[in-house]
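Let's take a friendly walk through some labels and ask what stands behind each of them.

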Amino acid sequence: MLPRIADSLSFLYLDMVRVVQDDTGVCAQIRVDDNRTDTVYIPTAALTCLLLGPGVSITTRALATLARHGTSVICTGAGGVRAYAGVLPDSLTTRWLEQQVSAWANPEQRLDVATRMYEMRFGDDTVPHGTTLAQLRGLEGQRMKALYKLHAQKQGIGRFRRNYHPDQWHQQDPVNLALSAANTCLYGIIHAAVLALGCSPALGFVHTGTQHAFVYDIADLYKADTTLPVAFALHQATDPEQQARRKFREELRLLRLLPRVIGDIQTLLTPNAEIDDDLTERNDVRLVHLWDPKTGTLPAGVNYAPDGE
């Protein structure tokens with residue numbers, strides 16, 4: 001039995017290695033010098049996602065083993081920042097993707113999910129019943145301003161204003177640079193979790209118009225607890241981008257963020273429903289079914305030609 005996605009190791013980042021399958025398992029070969037190559041074995045059965053950074057090559061046998069164990073493989077930039085391409089195992093159920101599409105395509109359900117996303121940021125019993133989406137956006141803006149002010153005062157910083165101008169990147173202050181770098185790391189981790197669950201990163205409920213809309217939706221649930229403290233703590237950093245990536249990665253070990261992400265996505269897509277643990281497992285490939293407008297599904301592998309023809 002493979003471990004559940006929420007209970008497995010979150011992700012493993014590799015760069016400048018060759019990933020191969022040998023007689024024992026999948027391993028990363030690390031070239032030390034001209035005379036020596038170190039070998040590190042990868043726990044594929046207990047790994048949610050393998051992030052392949054620059055300089056990585058991987059064999060088809062290794063990919064086949066990763067797919068068989070239900071491990072997603074994602075090609076990323078340096079340090080696991082930015083996800084460029086993903087390979088999903090066939091063992092993933094489409095239940096969560098279908099649930100996401102169903103809620104996204106129905107305007108009322110989409111509004112309900114978007115509203116719950118905002119309410120989740122405020123905690124229970126802090127948002128009056130019947131608050132509109134426009135009002136929630138306003139409350140969220142006020143909450144973020146208050147958090148900026150609180151962290152600035154804690155670090156002894158004067159007035160802070162969130163600024164993101166890609167065309168003027170190096171003219172920004174250390175906090176803004178660190179916050180942008182840490183947020184990008186967070187997006188990469190959320191992207192890996194969304195793909196590991198089988199959902200679509202593009203079908204967002206609050207955000208729209210981008211291939212990472214759902215990633216931004218989910219990431220916004222955790223920024224106040226994760227990237228903000230990291231960024232403001234680096235207000236005097238000489239290299240805030242690099243230090244933010246390293247500090248954020250170190251603190252993730254204590255947060256156990258992935259189980260929280262998986263659980264929150266499932267709760268958002270199936271409110272007031274009991275989550276079946278079997279649907280969070282990475283099992284062997286299930287039989288494919290046929291869609292039917294009346295019954296929902298029909299068994300595949302059956303000849304449906306009328307008798308006598």
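Q: Why is cysteine 27 called buried?
A: In this predicted model, cysteine 27 has a relative accessible area of 1%. Buried means under 20%, so cysteine 27 earns the label.

Q: What about cysteine 185, buried or exposed?
A: Its relative accessible area is 7%. That value is under 20%, so cysteine 185 is buried.

Q: How many disulfides does a search of the whole structure find?
A: It finds zero. To count, a pair of cysteine sulfur atoms would have to lie within 2.5 Å.

Q: Why is the pair of tyrosine 148 and phenylalanine 160 called edge-to-face?
A: The structure holds five aromatic pairs, so let's take this one as an example. The ring centres of tyrosine 148 and phenylalanine 160 are 5.3 Å apart, with the planes at 70°. Centres within 6.5 Å make a pair, and planes over 60 degrees apart make it edge-to-face, so both conditions are met here.

Q: Where in the chain do tyrosine 148 and phenylalanine 160 lie?
A: Tyrosine 148 is in helix α4 (residues 133-154), while phenylalanine 160 is in the loop between α4 and α5 (174-197). The two are twelve residues apart, and the pair links distant parts of the chain.

Q: What makes phenylalanine 160 and phenylalanine 232 an edge-to-face pair?
A: Their ring centres lie 4.9 Å apart and their planes stand at 65°. With centres within 6.5 Å and planes over 60 degrees apart, the pair is therefore edge-to-face.

Q: Which parts does the pair of phenylalanine 160 and phenylalanine 232 tie together?
A: Phenylalanine 160 belongs to the loop between α4 and α5, and phenylalanine 232 to helix α7 (residues 227-233). The pair therefore ties together parts that are 72 residues apart in sequence. Ring pairs link Tyr148, Phe160 and Phe232 into a cluster.

Q: How do you know whether phenylalanine 160 and phenylalanine 232 are buried or exposed?
A: Phenylalanine 160 has 14% relative accessibility, and phenylalanine 232 has 0%. Buried means under 20%, so phenylalanine 160 counts as buried, and so does phenylalanine 232. Tyrosine 148 is buried as well.

Q: What makes arginine 95 a charge over the ring of tryptophan 96?
A: The charged end of arginine 95 sits 4.3 Å from the centre of that ring, and the distance limit is within 6 Å. Arginine 143 lies over the face of phenylalanine 122, at 5.7 Å from the ring centre.

Q: How do you know that the span of α5 agrees with what a helix should give?
A: At 1.5 Å a residue, the 24 residues of α5 should span 34 Å. The end C-alpha atoms are 35 Å apart, which agrees.

Q: Why is α5 called largely enclosed by the rest of the structure?
A: Because 22 of its 24 residues are buried.

Q: What makes aspartate 173 a cap of α5?
A: A side-chain oxygen of aspartate 173 lies 3.1 Å from the backbone nitrogen of valine 175, at the N-terminal end of the helix. A polar contact needs N or O atoms within 3.5 Å, and 3.1 Å fits that limit. Just after α5, glycine 198 takes a positive phi of about 90°.

Q: Which residues touch the most other members of the largest nonpolar core?
A: They are Ile190, Ile218 and Ile265, in a core of 47 residues. Helices that each supply at least two residues of this core include α2 (95-105), α3 (107-122) and α8 (240-255). α5 gives the most, with twelve residues.

Q: Why does methionine 16 count as exposed?
A: Its relative accessibility is 60%. Exposed means over 50%, so methionine 16 qualifies. Methionine 16 lies in the loop between β1 (9-14) and β2 (18-21), and has a positive phi of about 55° although it is not a glycine.

Q: What about threonine 270, buried or exposed?
A: Threonine 270 has a relative accessible area of 5%; under 20% means buried, so that is the label. Threonine 270 is placed in the loop between α9 (257-269) and β9 (289-292). A polar atom of the threonine 270 side chain lies 2.5 Å from the backbone oxygen of glutamine 266.

How values were computed: Residues numbered from 1 in each chain as written. Predicted model: local features only at pLDDT ≥ 70, side-chain atom pairs only at ≥ 80, totals over all residues. Heavy atoms only, no water. Phe/Tyr/Trp six-rings, centres within 6.5 Å; stacked < 30°, edge-to-face > 60°. Helix = DSSP H or I, 4+ residues; strand = E, 2+ residues; numbered from the N terminus. Buried < 20%, exposed > 50% of the residue type's maximum accessible area, 1.4 Å probe, protein only. Lys NZ or Arg CZ within 6 Å of the ring centre and 35° of its normal. Polar contact = N/O pair within 3.5 Å; in protein donor to acceptor, adjacent residues only side chain to side chain. Expected span 1.5 Å × (residues − 1). Core = buried A, V, L, I, M, F, W, Y, C linked by side-chain atoms within 4.5 Å.
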